[in-house]
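Q: I would like a close look at one part of this model, followed by its setting in the rest of the chain.

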Amino acid sequence: MKKFNIRKVLDGLTAASSSSSSSATAQPGTSRENDVVQETLQSEHFQLCKTVRHGFPYQPSSMAFDPVQKILAVGTQTGALRLFGRAGVECYCQHESGAAVIQLQFLINEGALVSALADDSIHLWNLRQKIPAILHSLKFNRERITYCHLPFQSKWLYIGSERGNIHIVNVESFTLSGYVIMWNKAIELSTKTHPGPVVHISDNPMDEGK
């Protein structure tokens, strides 16, 4: 019968436990160095995107309505343009300049919209395509725009200025016609003082040419 030496067995267990403990203490240290958890959030951890716009536009400055196509347009002080159709249908557009929208005029039942901005520019929007876009733009340099008027089914857009004059723009080509109604021609000749800026323009119900 072979003799069993318990001292050798104990020595083997001691050596094995010491080697396992040394390896155990070495491995966690290396894994902690490699797997460092960054507790500070950085910009690359986020990706911001606008998913939805809801409610009435912020800082509205002008409105227009097309009674035939049932479209409501709202302009804001930041140059934004919101279009509302039937329930659940709306569209958002933005002028590149970011100037405030002072007035909007629909070309009734033609799928077009004219916007006048505070930077004295006017724009013609095409609403027939899926995403509305600007077709033409016109910039006034010498006079500031104060009011716009587009008669029903007319190709002439009347632009009132701060000097009291009225310029006429051809909507089809979106160019100035060259004809200007000067302020001193539209008031009584006996009036010598300047009347101020144009605040409103309307058609003469008795004469379409006035």
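What do β1 and β2 form, and which residue in the turn has a positive phi?

A: In this predicted model, β1 and β2 form a hairpin with four residues between them. The residue in question is K70, which lies in the turn and has a positive phi of about 55°. The two strands, β1 at residues 60–66 and β2 at residues 71–76, run antiparallel and are joined by six bridges. Within this pairing, S62 stands opposite G75 of β2.

A positive phi is worth a remark, because most residues other than glycine have a negative phi. Two further residues belong in this discussion. D120, in the loop between β6 (112–117) and β7 (121–126), has a phi near 65°. D120 is also buried, since its relative accessible area is 7% and the cut-off for buried is under 20%. F174 sits in the loop between β11 (166–170) and β12 (175–181), and its phi is positive at about 55° although it is not a glycine. With a relative accessibility of 3%, F174 counts as buried too.

As for the setting, the hairpin belongs to a protein with two helices and twelve strands. Read from the N terminus, one helix comes before the run of strands and the other follows it. Of the 210 residues, 31% count as buried. The exposed surface is about 15,000 Å², and carbon and sulfur atoms supply 55% of that area. Among contacts between residues at least 6 apart in sequence, 34% join residues at least 24 apart.

Strands that flank the two loops also take part in pockets. The largest pocket has a volume of about 650 Å³. It is lined by 28 residues, and those closest to its centre are I166, I181, I201, S202 and K210. The elements that give two or more residues to this lining are β12 and α2 (183–186), with the largest share, three residues, coming from β12. By class, the lining of the largest pocket divides into 16 nonpolar, eight polar and four charged residues.

The second largest pocket has a volume of about 280 Å³. Its lining has 19 residues, of which L107, E110, A112, L124 and V171 lie nearest the centre. β5 (101–107) and β7 each supply at least two residues of this lining, and β7 gives the most, with three. The lining of the second largest pocket is made up of eleven nonpolar, four polar and four charged residues.

Terms used: Residues numbered from 1 in each chain as written. Predicted model: local features only at pLDDT ≥ 70, side-chain atom pairs only at ≥ 80, totals over all residues. Heavy atoms only, no water. Buried < 20%, exposed > 50% of the residue type's maximum accessible area, 1.4 Å probe, protein only. Contact = heavy atoms within 4.5 Å. Areas by Shrake-Rupley, 256 points an atom, 1.4 Å probe, with all protein chains shown as cover. Pairing = 2+ DSSP bridges. 1 Å grid on protein atoms, 1.4 Å probe; cavity = no way out; pocket = protein on both sides within 12 Å on 5 of 7 lines; lining within 4 Å. Points joined across faces, edges and corners; volume = space filled by probe spheres on them. Nonpolar A, V, L, I, M, F, W, Y, C, P; charged D, E, K, R; others polar.
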